[in-house]
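The following exercises ask the reader to work from the displayed structure. Each task is followed by a solution in steps.

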Amino acid sequence: MSKELETYKIHRDVSWLSFNYRVLQEAKDPGVPLFERVKFLAIYSSNLDEFFRVRIASLKNLIRAGKKTQKILYFDPKELLENLLDIVNKQQEEFSLIYENEIVPALRENGIIIKKRQRLSREQNEFVMNYFTDHMLPFVQPVLLNKNKIRPFLNNAQLYLSVLLEDKENPNKEHKIAIVKIPSDHLPRFTILPSTGDKKHVLILDDIVRHSLFWMFPGYNIIDSYSIKMTRDAELYIDDEYSGDLVEKIKTSITKRKVGTTSRFIVDREMPENMLQRLMKIFDIKKSDIIKEGRYHNNFDFFKFPSFGMDHLKDTALPPINYPSLEDQPSIFDQIRKNDHLLHFPYHSYESVIQFFESAAVDPNVTHIKIAQYRVAKKSRIMNALKKAVRKGKQVFVFIEAKARFDEEANLNWGMELEKAGVKVAYSFPGVKVHAKIALIRKLDMNGEQIYSYLSTGNFHEDTAKLYTDFGMFTFDERITSEVARIFNFLETSKVPLQKFDNILVGLFNLRSGLRELVLQEIENAKQGLPASITLKMNSLQDKEMINLLYEASQAGVKIDLIIRGICCLIPGVEGISKNINVISVIDRFLEHSRIFVFHNNGDTKVYLSSADWMVRNLYHRIETCFPVYDKNGIKAIIDFLAIQLKDNVKARIIDSDQNNIYQSESSNLAIRSQLETYYYTKRQKK
């Protein structure tokens, strides 16, 4: 790839920060209900925490690796790091302004007061003193710091107060520094205080610790205190050699993750410079590690901010729409035999998916159940159905991806539980992730072997199915089911299928080449003067070769609409490069997670749903599925849905080279909020 073409791409990490800013935009949008704005502060903070633990940590490791490794790059890692940190610092300043100037006053207007510790009533002061002694005292762990003798280990993402102390007997001596743990890992971050009238008073845990410092350091005067937090490298370093026990390596790496190198050292921006310098020496912190935030860190704890039953400050409930064609039938399998069924979550109820497995577990004619799991709910009816199926004499196979980032431990625990129940469990392939979301059920009846399949853009996760937008398809179509069976044979045996995949595009086999052929066909149609268009919806677009192919399509006259929630390295609207490409991003109450690829194909529209984004990792290093939708009703529903999203003028942002995230506003004179429109569209189509 030429460096000239590289200039028409946004670096993935810059684009990701732009995506996270779209999340922050939701927090400052006065049209969003107040508690949802608080939730978006938490989402923004949680996202940023992972970004530093993985992306920034990896970038710092790249810098440490030296010039030999860096010379293959099209960017300077040090310059990129400086740029990213500059963007983050500006966002953090805006975060603080949103919280202090908008969220806190709005809470107060609704009778919820976040108290300052200096303004506690006598009753509240007594409550705090008792709360500290009764609940907090064993956890605060005060330590006086001494660079040469005492340098305690700061746990990842743990909150601490750094305290400046004056010796009462020797006030002219240099002030000492201590740290005190804020035990948010043991106690709620937000404590409801006694109050009178209709006001609700809340005190943040950090301030309870501040209020109690004089008890912990009786020989000192408390000059001031400032919150700090260490973020550590979370990337798993797993060698991809084709030997050894990969699962054991992952278990070892999970333990190492807790003691990873520093990727971020967060401090209160009000901390005096000389105190910060002393802390940097004590904890061996570099200037590039410093991120200055407001008074409080770990703002993802706002997920648990008390709501006091004030539901009017939350989003209006959108109860999942049941799907009676599958849910209210004597046999779900008879219904799937009649025709394909396409469900759209969380608009549709997830009950049909759960019943698919629960019915299979007790059906005497079912012999086999197979499923590929990437992330699993803590309490899962699907997993319980699989264990029940084994007790009923079924053969059950579960492929568990043990390398699902931050869910490795939970997945391994589920694997062990299923194995104890008698389920055949297989785990990750070295060097490859299995990201496909597929299931298969085999029945034997008077007509012989019958295969039923379920394919989805999202995980078999009952909890996220209420929050993530995903499509799932039940099918009896042998064109699909036979190839799903072939994928499972590969997952079970590691033997490469002898037959090629003609319908499903499968990662490591024909996914990337199949997608290329679909785009190239549109290019050829455009060159012949035929109508040509592509509509793609996904989480992330980063693969350089596919971006270049879209640029080629644009130059040939193909009209391209992209709906990209997160990373988008492509730059639309560049004369001579991407003039025919339009990109929007929709951020709203539900997390947009479905991947949809639509190709005009000279009027014979081809529609695919997929587990794969167009990223290097998905197209080269994962087992993914990209499956066609053949049912005419399903095709219509998907195309209608995309049309609704493209017209969104409430929650859609325009993606461009400037990364300004301007709201799309010209699609209609009516306010069109695509997620609400989709909910009511789905309700009108109720089957």
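Helices (H or I, at least four residues) and strands (E, at least two) are DSSP runs, numbered from the N terminus. The model used throughout is a predicted one.

**Exercise 1. Describe the overall dimensions of the protein and determine whether its radius of gyration agrees with that of a compact globule.**

Solution. Step 1: the protein contains 21 helices and 28 strands. Step 2: its C-alpha atoms fill a box of roughly 90 × 60 × 60 Å along the principal axes. Step 3: for 687 residues, a compact globule would have a radius of gyration near 26 Å; the protein has 27 Å, which agrees. Step 4: buried residues make up 57% of the 687 residues. Step 5: among contacts with a separation of 6 or more, 74% are between residues 24 or more positions apart.

**Exercise 2. State the strand order of the open sheet of 9 strands, and explain why strands S18 and S28 each have one side without a neighbour in the sheet.**

Solution. Step 1: the order is S18-S26-S24-S23-S19-S20-S21-S27-S28, and the pairing is mixed. Step 2: strand S18 (505-506) and strand S28 (662-663) stand at the edges; each has a single partner strand, so one side of each is left without a neighbour in the sheet. Step 3: as an example of a pair, strand S24 (residues 606-610) and strand S26 (residues 625-628) run antiparallel and are joined by 3 bridges. In this pair, Leu 609 stands opposite Phe 627 in S26.

**Exercise 3. Determine where the buried residues of helix H21 lie around its axis.**

Solution. Step 1: in helix H21 (residues 674-684), the buried residues are Ser 674, Gln 675, Thr 678, Tyr 679, Tyr 681 and Thr 682. Step 2: viewed down the axis of H21, these residues fall within an arc of 165°, so they line one face of the helix. Step 3: a general rule helps here: an α-helix has 3.6 residues a turn, so residues three or four places apart point the same way. Step 4: the cover over the buried residues of H21 includes strand S10 (341-345), strand S17 (468-475) and helix H20 (632-646).

**Exercise 4. Identify the residues that touch the most other members of the largest nonpolar core.**

Solution. Step 1: this core has 87 residues, and those touching the most other members are Phe 305, Leu 515, Leu 541, Leu 570 and Trp 614. Step 2: leaving out residues up to four places away in sequence, Leu 570 touches Leu 541, Ile 547, Leu 550, Tyr 551, Leu 562, Ile 581 and Val 583. Step 3: a second, separate core of 41 residues includes Tyr 323 and Phe 356.

**Exercise 5. Classify Asn 298 and Asn 602 as buried, partly exposed or exposed, and describe their backbone.**

Solution. Step 1: Asn 298 is in the loop between strand S9 (290-293) and helix H11 (324-327), while Asn 602 is in the loop between strand S23 (595-599) and S24. Step 2: the cut-offs are under 20% relative accessible area for buried and over 50% for exposed, with partly exposed in between. Step 3: Asn 298, at 4%, therefore counts as buried, whereas Asn 602, at 42%, counts as partly exposed. Step 4: most residues other than glycine have a negative phi, and most peptide bonds are trans. Step 5: Asn 298 has a positive phi of about 50°, and Asn 602 has a positive phi of about 55°. Step 6: a cis peptide bond, with omega about 0°, joins Phe 345 and Pro 346; Pro 346 lies in the loop between S10 and helix H13 (351-362).

Terms used:
Residues are numbered from 1 along each chain as its sequence is written. This is a predicted model: local features need pLDDT of at least 70, side-chain atom pairs count only at pLDDT 80 or more; totals for chains, interfaces and linings use all residues. Side-chain values use heavy atoms; hydrogens and water are left out. Two strands pair if DSSP finds at least two bridges between them. Buried means under 20% relative accessible area, exposed over 50%, partly exposed in between (1.4 Å probe, protein chains only). The arc is that of the directions from the helix axis to the C-beta atoms. Contact means heavy atoms within 4.5 Å. The radius of gyration is taken over C-alpha atoms; the globule rule is 2.2 Å times the number of residues to the power 0.38. A nonpolar core is a set of buried Ala, Val, Leu, Ile, Met, Phe, Trp, Tyr and Cys residues joined through side-chain atoms within 4.5 Å.
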